[in-house]
Amino acid sequence: MKDTKQQWFKDAKFGLFIHWGLYALLEGEYQGKKAPGLSEWIMNDLDIPKEEYEKLAAQFDPTAFDADALVKRAKDWGMKYIVFTSKHHEGFAMYHSQCDSYNVVDATPCKRDILKELQLACEKYDMKLGLYYSQAQDWHDEGGLFGYRENSYEHYQEYLDRKVMPQLREILTGYGKISIIWFDTPLETTYEQSRSMIALVKELQPDCIISGRIGNGLGEYMTTGDNFIPRLPYEGDWEVPATLNDTWGYSKHDHNWKDPEEIIRLLVKINSCGGNYLLNVGPDPLGRIPEESLRILDQVGSYVTANAEAIFATKRMPLYPYMLTFGDLTCKSHHLYLHMFKKVPRIELLNVLNHVKRAYLVHTGEDLPFSTGATCEGDGFIRVALPEEYQKRAYYCIGFELEEEMPIFQDIQG
Ligand code: FHN
């Protein structure tokens, strides 16, 4: 079972992923050709020669990037941690690396250490900072690997020694407390190689959590496939990394935005199964967060902050025997929470065996009349009488205070 041993991660439930690198400058298109897949994969997917691609650095001048405003916004959305791409597969460091001049200070006109700006903002707003670091794929370095291609591993160990280990040391010593190293796409990294990266992280920052994608089954929490939601509760620590549209890096062509209500439902589903939801934004060439991302996250954030009690520090739910068509459940100690996603005239929950002391609207604390009993079929029920106003709305949450510590459900098999 995966265990980060970090209470903050278990309680966090909601975080912000930031994918930003030189790929943002191409906005999902190179020489009139659209990126066929993820926009941050454009160098690989359109076979852009390294010498051409690296010229992008000379155009990187994100005058509108405001780390303070972004971290504050994430805080307002209720997010508890941020994971930022310190180096993605393109190989470009978004901080001032001393061991490779292909970085955001030495290779660009802006000469800004973006990671430093984010670190300071995270410290100011008491936000945990995690760093994505692509340990194996590096399309700019001869020793680095490529996804979906034949790879020569001949220089990989040398690359790890020359670039990866020193860069890990830099990001773990120069930027304050780092709460996660979010490794990704290990490819054929060996067990020993994964182990040595973990050892370095732990030597420098023992509390820093290692993501599931360090490879060889070694991470401290399970990272699901991108945008994949487990069907059942998962014991142990885990996280779903997810996009708001179809790509991670900025693309001017990707308008396939998810509905904020869908994101709220997924967040609750993930929390109910015991996981964290890490939602991505991809800043544009000037460092602006796309308006659509802000609109979606503002709406999701309003639900999250109004119903924070029913989201943060909730525990993995015991398996409720029914599919709820109108909502979903989360729980913590003596509370069960019903997140309402549909307009209904009254609420009935079957087969909850707990003794209910109180029912209330989570966002106002207002008590709601409720009754318990048994249906004529013999199923125990809790019924809640809804004020008229709530019969006509959705996306609110009802809390139940219970006598017992956790929800207890009757097995419907009998
Ligand atoms: O290849 C990357 C991709 O660009 C993105 O960073 C995601 C985020 O989870 N990880 C890899 C694919 O799973």
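Begin by selecting residues 356–361, which make up strand 14, together with strand 15, and you will see the two strands pair in the antiparallel sense over two bridges. Within this pairing, in a model that is predicted, Tyr-360 has Asp-367 of strand 15 as its bridge partner.

Next, widen the selection to the whole sheet, an open one in which five strands follow the order 11-12-18-14-15 with antiparallel pairing. Its edges are strand 11, at residues 327–332, and strand 15, at residues 367–368, each of which pairs on one side only. Now add helix 9, residues 260–272, which packs on this sheet by touching strand 11 and strand 12 (335–340), and whose direction makes about 40 degrees with that of strand 11.

Keep helix 9 and strand 11 displayed, for each of them supplies at least two residues to the lining of the largest pocket. This pocket has a volume of about 610 Å³. Of its 25 lining residues, those to select for a view of the centre are Lys-269, Tyr-322, Met-323, Leu-324 and Asp-328, which are the closest to it. Which element gives the most to the lining of this largest pocket? Helix 9 does, with five residues. If you colour the lining by class, you will find 16 nonpolar, three polar and six charged residues.

Colouring by domain is a useful following step, with domain 1 covering 7–310 and domain 2 covering 327–402. The C-alpha centres of domain 1 and domain 2 lie 38 Å apart, and the contact takes 12 residues from domain 1 and 14 residues from domain 2. Why does the largest pocket lie between the two domains? The reason is that domain 1 and domain 2 both give residues to its lining, so the pocket is placed between them.

Move on to the other sheet, where eight strands form an open arrangement in the order 7-6-5-4-1-10-9-8, with parallel pairing. Selecting residues 209–210 and 222–223 shows its edge strands, strand 7 and strand 8 respectively, each of which pairs on one side only. At the strand 7 edge, two bridges join that strand to strand 6, residues 180–183, and the two run parallel; here Ile-180 stands opposite Ile-209 of strand 7. Then add helix 7, residues 156–173, which lies across strand 4 (81–87), strand 5 (128–133) and strand 6, and which runs at about 170 degrees to strand 5.

For the last stop, select Trp-41, His-89, Asp-184, Thr-185 and Asp-226, the residues nearest the centre of the second largest pocket, among the 19 residues that line it. The volume of this second largest pocket is about 320 Å³, and its lining, taken by class, consists of eight nonpolar, six polar and five charged residues.

Conventions. Residues numbered from 1 in each chain as written. Predicted model: local features only at pLDDT ≥ 70, side-chain atom pairs only at ≥ 80, totals over all residues. Heavy atoms only, no water. Pairing = 2+ DSSP bridges. Helix = DSSP H or I, 4+ residues; strand = E, 2+ residues; numbered from the N terminus. Contact = heavy atoms within 4.5 Å. Axes fitted to C-alpha atoms, helices over the stretch in contact; angles between N-to-C directions. 1 Å grid on protein atoms, 1.4 Å probe; cavity = no way out; pocket = protein on both sides within 12 Å on 5 of 7 lines; lining within 4 Å. Points joined across faces, edges and corners; volume = space filled by probe spheres on them. Nonpolar A, V, L, I, M, F, W, Y, C, P; charged D, E, K, R; others polar. Domains from an automatic or database assignment.
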